[in-house]
Amino acid sequence: MVYLKEKQRIPLKIKRMGINGEGIGFYKKTLVFVRGALKGEEVLCQITSVRKNFVQAELIAINKKSKHRVQPQCPIYEECGGCQIMHLAYPKQLEFKDDLIKQALKKFKPLDYEHYQLRSTLGMEEPWHYRAKLQFQTRSFGGSVKAGLFAERSHQLVSVSNCLVQDKDTQAIINKVTYLLDKYKLPIYNERQIAGIRTVMVRKAHASGQVQLIFVSSKEVTLTALIGELRVSFPQIKTIALNINPSKSSEIYGKDTEILWGQGSIQEDVLDYSFTLSPRAFYQLNPKQTETLYAQVVQALEVGANDHIIDAYCGVGSIGFAFADKVKSVRGMDIIPEAIADAKQNASAMGFDNCYYETGKAEDIIPKWYAQGYRADAIIVDPPRTGLDDKLLKTILDYQPPKMVYVSCNTSSLARDLVSLAKVYQLEYIQSVDMFPHTARTEAVVKLQRRNL
């Protein structure tokens with residue numbers, strides 16, 4: 001047994017990369033995680049934390065460099081932590097994301113996982129400035145307002161004025177917002193006083209170029225002068241809203257959102273249809289890759305003209321609309337009322353009278369529908385990073401729609417959910433889509449078919 005101590009320096013050969021993009025090696029049978037190290041490298045690192053089954057270390061020197069190591073283009077890459085693998089050449093990032101899925105499956109071991117068909121990750125031609133939505137925190141330092149992201153595992157704000165993965169228009173707008181918050185001396189949130197603007201969300205529709213903003217504040221604020229200047233500087237802004245969140249929790253939004261200026265939604269396109277987005281409604285943050293993602297969902301869910309489809313976690317209905325003209329009916333649900341209002345409006349605008357939407361949790365609504373005699377031929381689930389709610393998972397296993405597509409943004413929660421789903425469903429394949437270049441995250445489309453029991 002080797003006993004390692006904090007601040008101890010050790011040589012290490014990196015055998016593979018972990019789920020957070022860190023290098024992993026073994027020092028005399030002790031597992032060591034090194035942030036910033038790449039597979040195949042030989043490094044000198046310093047122990048920062050000693051745990052029961054592993055240690056964490058920081059990279060001190062690279063004695064043998066990987067041929068796939070590149071210089072990160074972002075000047076605050078190490079400080080920010082928003083991206084984790086920008087120092088890895090992009091083609092190798094895609095291979096790493098293939099491996100993320102393999103690691104998750106190996107950890108949770110769903111039935112027959114060794115035989116799953118894992119398709120290579122679909123990447124981007126230009127993996128820069130792809131994020132059409134930002135949520136930056138605001139804080140005041142020495143009387144000056146800054147906006148940006150928290151450093152990894154901390155509440156230390158890193159000011160971000162030129163993010164290389166953020167859409168250029170949204171970055172320009174948040175820079176102007178920061179200047180105006182300072183200019184008009186508007187109250188800015190801090191953890192002690194909890195009084196003022198804490199977060200700003202900016203979202204741009206790729207197709208229309210229209211932009212919406214949400215100011216999240218712990219109290220009512222007057223933004224009239226700020227809004228006036230923003231409208232002059234950025235005529236593409238169509239919606240400005242205020243959300244009140246007095247909570248001390250890490251939740252971004254509070255319950256109440258008020259439109260301060262402009263229209264209630266912006267217009268976006270995907271595949272061959274258009275839809276509207278209200279400020280609080282969920283939509284994928286990488287519009288270019290959303291085209292790829294949704295095309296994969298359409299390919300995975302082979303539907304017939306008489307099929308009835310459930311679109312769980314439906315948001316504004318954007319995934320379900322890809323099937324509305326191909327099936328008998330589409331039904332969806334979401335817990336955000338504004339998103340359901342958008343879904344209904346979008347369906348009506350496109351002339352779909354076979355779409356039905358309801359506000360609430362899927363695990364509550366689906367049993368109600370089944371009790372009323374409804375039966376689904378297929379279900380699409382696109383849950384948050386936490387994966388399927390336990391009650392929804394049980395509901396799916398109780399009713400067992402014959403066809404299922406699982407869209408996942410977290411390989412670990414996906415693999416965990418497949419442990420239960422694989423007992424009832426045969427997994428046909430997993431197709432990874434790189435929605436988040438330079439980060440240790442990937443999206444996956446999973447095709448499932450009910451087993452013949």
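Before the charges come up, a definition: Lys and Arg count as positive here, and Asp and Glu as negative, while His and the chain ends are left out. What you see above is a predicted model.

On that count, the protein chain carries 60 positive and 48 negative charges. How far apart are the mean positions of the positive and negative charges? They lie 7 Å from each other.

Now the overall form. The chain has 453 residues, for which a compact globule would have a radius of gyration near 22 Å; the value here is 23 Å, so the two agree. Along the principal axes, the C-alpha trace spans about 65 × 65 × 40 Å. The secondary structure consists of 9 helices and 22 strands.

Next, burial and surface. Of the 453 residues, 54% count as buried. The protein chain exposes about 20,900 Å², and carbon and sulfur atoms supply 49% of that area. As for contacts, take those between residues at least 6 apart in sequence: 63% of them join residues at least 24 apart.

I will finish with one element, helix H4, which runs over residues 224–233. Which residues of H4 are buried? They are Leu 226, Ile 227 and Leu 230. These residues cover an arc of only 95° around the axis, and therefore sit on the same side of H4. On the other side of the helix, Thr 224 and Val 232 are exposed.

And what covers the buried residues of H4? The cover includes helix H3, residues 168–183, together with three strands: S11 at 211–217, S12 at 237–244 and S13 at 256–262.

Note on methods. Residues are numbered from 1 along each chain as its sequence is written. This is a predicted model: local features need pLDDT of at least 70, side-chain atom pairs count only at pLDDT 80 or more; totals for chains, interfaces and linings use all residues. Side-chain values use heavy atoms; hydrogens and water are left out. Helices (H or I, at least four residues) and strands (E, at least two) are DSSP runs, numbered from the N terminus. The radius of gyration is taken over C-alpha atoms; the globule rule is 2.2 Å times the number of residues to the power 0.38. Buried means under 20% relative accessible area, exposed over 50%, partly exposed in between (1.4 Å probe, protein chains only). Contact means heavy atoms within 4.5 Å. Accessible areas come from the Shrake-Rupley method with a 1.4 Å probe; for residues, only the protein chains shown count as cover. The place of a charge is taken as NZ of Lys, CZ of Arg, CG of Asp or CD of Glu. The arc is that of the directions from the helix axis to the C-beta atoms.
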